[in-house]
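Subject: Structure for your review

Dear colleague,

I am passing on the structure we spoke about, and I would be glad if you could look through it with the notes below beside you. The notes follow the display.

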Amino acid sequence: MKSSLRNLAIILGAAAALIALVAAVLFWPASNDGFILDTGFSGDTKITLTTTSPVEKSLLVPQNFTAFEENDPDIQMHPVKVKQKLSGGKNVLSLTFDAPLNRANPHIVKTVPLTSDSPALSLRVEQSYLGHLLFILISALLINNYVFTKYLGLCVFFGTSKRKKTATGMGIVFTIVMLASAIMSWFAYRYVLIPFHLDFLQVVVFIGLVSLSVQAVDTILRKVNPVLFKSFGVFLVLVIANCIIIAVPLYMASNQYNLLETVMLALGAAGGFLLALYLMSSVRERLDLAPIPESFKGLPIAFITAGQFALAFLGFSGLQLI
Amino acid sequence: MANTLTKPQLLGRGLLSQNPIFKLALSMCPAVGMSTTVMTGLMLGCAVLFVQVFSSLTIALFKRQIHPRIRIPTYTLVIATWVTVIDLVLAAVFPAAYAQMGIFIKLIVAFAIITMRLETFACKESVPDSFVDAVGMGFGFMFGMVVIGFVRELLGSGTILGYDVLGFKPFMFFILPCAGFFVVGLMMAFFNWIEQKYRERMANKS
């Protein structure tokens, strides 16, 4: 049991590393040629432009720079402050805005000609794709943890968090089924539901795919690794009664995620569930030994503990990745 | 297997002795996440009642045709069909309330209480009995949601169904999203305490 658990964890870890590597190779941001070397966000309210040579001081006034979100060109902003700093042979212009920028959306920055021989520039500023993927993962894992901040999957959460062993078992089985069903749901949504305008069948199709993947994992595990099946088989039925497994495909569909984003969302959601289960089971094992008033024993005290975890997870809201 | 309980007993069982929220502790997600006001609880309760009644009826009608090995996927698909129906109807008729409840209407498909009633009751019993049982369970769920919503709305914002009752706000804490856990936990403890006292009194009398 112990060693099979460890093997499974290694396989999962390796799969995650492989996905991250592929993403890094495929989507590493290409550097711009010419005058502008690099663009990017810095902090909540700043956009930085790295240039090859310094810009004349008289051009560094807020009116010369205009920024807007790519999908919302009507709302134009001027920076409140433009600063220039030379560091390590590179020249960095930083534009400070008075309101926080929505870093999830790409921004367009327009400038007047900054050197005598360059034209007026229109620059696209976006987070690196890897950063975007990482943000989806961390967001589903911690900031919008499905159990503690979205209150989903609670029946299974309270049912299987009495012992650490059951908690990890449930979490790992859930992660596998979640990944499989999210990927299948993405293909079904992208290549069947959208082309044939069958959007209204979302719920039926997604839950059907979940039952299908539960059945598939059940059959494969039974044949391939009967020992593992004996310890994990009981959790498979519970997976289907967990709201998270249907909430993730619905969220994916409403946000029009692509495949990699969907995988990250599924990993984050399932990892967050595993994390929540592990934390909760660690506390509940100790609660068994604690002197608790008779009427609070069992579920009531578990709910209050979960409430405290939820309060603690509120601390992650507002977390920003660089 | 014939059912030995009378119809009023079946109805009362869902409301009290086997209340889906406080006694069976199933479908806790909406009880924590969607119970800030009485109105949302009532709305979601109506939707669950609808899905529960119609899926129970469907399964009770077709129970002889369903092979036992594929019964769970069948239940899920039947529930998903009725959830899609209520989802589309609510989106068309009550767009404001629908926007407020957001994703939870679609998530009814994964509520454990509905599958559990199909598995333990509707697939064995007659159609009228299944209907009464489903109505009882649906109203039990609605009752639980309304009670939690009542406590949170009264204590959190001093109103009931949007009408100002108290004139002041006793504890803002109760309308915070994460207070749902505390309210449900405290109410469960309260019901346990009452049951305990009641049993002690019974034991003393005899």
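A:Cys155 sits in helix 3 of chain A, the helix that covers residues 154-159. With a relative accessible area of 14%, A:Cys155 falls under the 20% limit and therefore counts as buried. Once its neighbours within four places in sequence are set aside, the residues in contact with A:Cys155 are B:Leu26, B:Ser27, B:Met28, B:Cys29 and B:Ala112. A second cysteine of chain A, A:Cys243, lies 88 residues away from A:Cys155 along the chain, and the C-alpha atoms of the two are separated by 8.9 Å. Please keep in mind throughout that this is a predicted model.

As for chain A as a whole, the chain has 322 residues, of which 46% count as buried, and its secondary structure consists of 9 helices and 8 strands. Among the contacts in chain A with a separation of 6 or more, 68% are between residues 24 or more positions apart. The chain exposes about 15,900 Å², and carbon and sulfur atoms supply 64% of that area.

Two surface patches in chain A may interest you. In the first, A:Lys46, A:Lys81, A:Lys83 and A:Lys85 gather into a patch of positive charge, to which strand 5 of chain A (residues 81-87) gives the most, with 3 residues. A:Lys81 has its place in that strand, and A:Lys81 counts as partly exposed because its relative accessibility is 46%. The second patch is nonpolar and is formed on the surface by A:Ile183, A:Phe187, A:Tyr191, A:Val192 and A:Phe196, which together have about 490 Å² of accessible area. Of these residues, A:Phe196 is found in the loop between helix 4 (164-193) and helix 5 (202-224) of chain A, and A:Phe196 counts as exposed because its relative accessibility is 57%.

Turning to charge pairs, the structure holds 6 salt bridges over all chains, and I describe some of them here. In chain B, the side chains of B:Arg71 and B:Glu119 meet in a salt bridge with an N to O distance of 3.0 Å. This pair links distant parts of the chain, since B:Arg71 belongs to helix 4 of chain B (residues 71-93) and B:Glu119 to helix 7 of chain B (residues 112-122), 48 residues apart. Both partners are partly exposed, B:Arg71 with a relative accessible area of 29% and B:Glu119 with one of 26%.

Another salt bridge of chain B joins the side chains of B:Arg199 and B:Glu195 at 2.8 Å, N to O. Here both residues lie in helix 9 of chain B (residues 179-205), 4 residues apart, which is about one turn of the helix. B:Arg199 counts as exposed, at 53% relative accessibility, whereas B:Glu195 is partly exposed, with a relative accessible area of 30%. In chain A, the side chains of A:Lys297 and A:Glu294 also meet in a salt bridge, at 3.7 Å from N to O, and A:Lys297 counts as partly exposed at 43% relative accessibility.

Within chain B, I would also point to B:Gln52, whose place is in helix 3 of that chain (residues 38-62). At 1% relative accessibility, B:Gln52 counts as buried. Leaving aside neighbours within four places in sequence, B:Gln52 is in contact with B:Ile113, B:Ile114, B:Arg117, B:Ala134 and B:Met137.

Finally, there is the backbone to consider. Most residues other than glycine have a negative phi. A:Tyr151, although not a glycine, has a positive phi of about 55°, and A:Tyr151 is found in the loop between helix 2 (129-143) and helix 3 of chain A. A:Gln256 is likewise a residue other than glycine with a positive phi, near 55°, and A:Gln256 lies in the loop between helix 7 (243-255) and helix 8 (259-287) of chain A. Which of the two is buried and which is exposed? A:Tyr151 counts as buried because its relative accessibility is 7%, whereas A:Gln256 is exposed, with a relative accessible area of 53%.

With best regards

Conventions
Residues numbered from 1 in each chain as written. Chains lettered and ligands numbered in written order. Predicted model: local features only at pLDDT ≥ 70, side-chain atom pairs only at ≥ 80, totals over all residues. Heavy atoms only, no water. Patch = residues over 30% accessible without salt bridge, like charges linked within 9 Å, V, L, I, M, F, W, Y side chains within 5 Å. Areas by Shrake-Rupley, 256 points an atom, 1.4 Å probe, with all protein chains shown as cover. Salt bridge = Lys/Arg side-chain N within 4 Å of Asp/Glu carboxyl O. Lys, Arg positive; Asp, Glu negative; His and termini not counted. Charge placed at Lys NZ, Arg CZ, Asp CG, Glu CD. Helix = DSSP H or I, 4+ residues; strand = E, 2+ residues; numbered from the N terminus. Buried < 20%, exposed > 50% of the residue type's maximum accessible area, 1.4 Å probe, protein only. Contact = heavy atoms within 4.5 Å.
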